[in-house]
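Work through the following exercises with the sequence and the coordinates at hand, and try each task before reading its solution.

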Amino acid sequence: MEKYVDFAYIYDKLTYDVRYDETASFIEEIFEKFSDEKPSLVCDLACGTGTMCLKLNEKGYDMIGIDFSENMLDVALNKSEGKNILYLNQDICDFELYGTVDAFLCLLDSINHITDEKQLKKMFSLVHNYLNPEGLFIFDINTKYKFENVLSDNIFTYDSDEIYYVWENEYRKDEKLCDFYLTFFVGENDVYKRIDEYHVERCYEEDELEKMIKNSGFQVVAKYGEGTFEKPQKTSERIFYILKKID
């Protein structure tokens, strides 16, 4: 099943609860805290429909957004007309830039969508290659706690005037993989169109992830829980990693 095709055009309606403004301010505070100079050029990996690129561009950053979905980028381009944002239709595990950047981002648990460890190592290597010395790589992950206690084998539903969806999870604990089965019914002129999506996320435990990070030439300079400047707790559902290129 091809991903993010029709789904791309309803994605923004489904992420109404994502606090993009707060996250953009959080990222800017991270830059101020850990960068010797304010980054000028920032690359957002798995940028989706470009909302974070827009928010940071409004704060004065030149942005590059990379995503494998042409449809998601189609939405991003329409939203970003007239802005200094470059969008590239590439796989984040096999991308190529024209030069280096000052910082990389990879948000909304996009790391968890990389289920092959070799591919994740390749992505870290590419980020290291295209990152300026002392540059930062900021990403977040869904935690082991979230996979085992929140996502697990649960079913979620959402109902609005335009969209109804059912999100069913199946967590394969031995493989550390979680299958997401999503069915959407989108209303158009009194007719509902059905959209099916299937995604898989991998649970990366902190020790295995940090071993990959170290072997890729990065140092973990900080870890924060839930998009705050607080240390992650046992019940944190999301961890933000702040890495610095050290060689």
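**Exercise 1.** Determine how the axes of α2 and helix α3 (residues 51-58) cross, and which residues meet there.

*Solution.* The axes, which are lines fitted to C-alpha atoms, for helices over the stretch in contact, come within 10 Å for α2 and α3 and cross at roughly 55 degrees, where angles run from 0 to 180 degrees between N-to-C directions. Helices here are DSSP runs of H or I with at least four residues, strands are runs of E with at least two, and both are numbered from the N terminus. The crossing angle makes α2 oblique to α3, since angles under 35 degrees count as roughly parallel, over 145 as roughly antiparallel, 65 to 115 as roughly perpendicular and the rest as oblique. Taking contact as heavy atoms within 4.5 Å, one finds that Y20, D21, T23, A24 and I27 in α2 meet T51, M52, K55 and L56 in α3. Sorted by class, this contact has 5 nonpolar, 2 polar and 2 charged residues, with Ala, Val, Leu, Ile, Met, Phe, Trp, Tyr, Cys and Pro counted as nonpolar, Asp, Glu, Lys and Arg as charged, and the others, Gly among them, as polar.

The model is predicted, so that local features need pLDDT of at least 70 and side-chain atom pairs count only at pLDDT 80 or more, whereas totals for chains, interfaces and linings use all residues. Residues are numbered from 1 along each chain as its sequence is written, and side-chain values use heavy atoms, with hydrogens and water left out.

**Exercise 2.** Describe the packing of helix α5 (residues 117-130) against helix α7 (residues 206-215).

*Solution.* The axes of α5 and α7 lie 10 Å apart, at an angle of about 40 degrees, and the two helices are therefore oblique to each other. On the α5 side E117, L120, K121 and F124 take part, and they meet E208, L209, M212 and I213 in α7. By class, this contact has 5 nonpolar, no polar and 3 charged residues.

**Exercise 3.** Which residues have the most contacts inside the largest nonpolar core?

*Solution.* A nonpolar core is a set of buried Ala, Val, Leu, Ile, Met, Phe, Trp, Tyr and Cys residues joined through side-chain atoms within 4.5 Å, and buried means under 20% relative accessible area with a 1.4 Å probe, protein chains only. The largest such core has 47 residues, and F31, L105 and F184 have the most contacts inside it. Its largest share, 7 residues, comes from helix α2 (residues 20-34). A second, separate core of 32 residues includes L45, F124, L131 and I141.

Notes. Buried means under 20% relative accessible area, exposed over 50%, partly exposed in between (1.4 Å probe, protein chains only).
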